Amino acid sequence: MKKPYEKPEARKVEVDSSIIRMFTRKGFIEVFWEELKARRKDNPKISEKIVFDDLNERFFNIFGEFRYSNYNSFRQRLNQ
């Protein structure tokens, strides 16, 4: 006897617009500068690397891979 078909469960994931924007290099850079500016209002000494790491981690949590391998590879894109 054939096993009846069971529909796989799908989980709903809400993704904010900044994550979608970070999907492109240009979008990631734009979100980075916006986030850095906003976070420096609360903490003027926050580093670019901390903001980058937080954004890259948020990207990883949604897509299962990092947008950039590390801060240095991202920084090289900033200077191009």
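**Note on a four-helix predicted model**

1. What covers the buried residues of α2 includes α1, α3 (48-63) and α4 (71-78); contact here means heavy atoms within 4.5 Å. In α2 these buried residues are Gly27, Phe28, Ile29, Val31, Phe32 and Leu36, where buried means under 20% relative accessible area, exposed over 50%, and partly exposed in between (1.4 Å probe, protein chains only).

2. The model is predicted: local features need pLDDT of at least 70, side-chain atom pairs count only at pLDDT 80 or more, and totals for chains, interfaces and linings use all residues. Residues are numbered from 1 along each chain as its sequence is written, and side-chain values use heavy atoms, with hydrogens and water left out.

3. The protein has four helices and zero strands, where helices (H or I, at least four residues) and strands (E, at least two) are DSSP runs numbered from the N terminus. With a radius of gyration of 18 Å, well over the 12 Å that the globule rule gives for 80 residues, the protein is more spread out than a compact globule. That radius is taken over C-alpha atoms, and the rule is 2.2 Å times the number of residues to the power 0.38. Buried residues make up 24% of the 80 residues.

4. Val15, Ile20, Phe23, Ile62 and Phe63 form a nonpolar surface patch with about 440 Å² of accessible area together. Areas come from the Shrake-Rupley method with a 1.4 Å probe, and for residues only the protein chains shown count as cover. Ile20, found in helix α1 (residues 17-21), is exposed at a relative accessible area of 55%.

Technical notes:
Patch = residues over 30% accessible without salt bridge, like charges linked within 9 Å, V, L, I, M, F, W, Y side chains within 5 Å. Salt bridge = Lys/Arg side-chain N within 4 Å of Asp/Glu carboxyl O.
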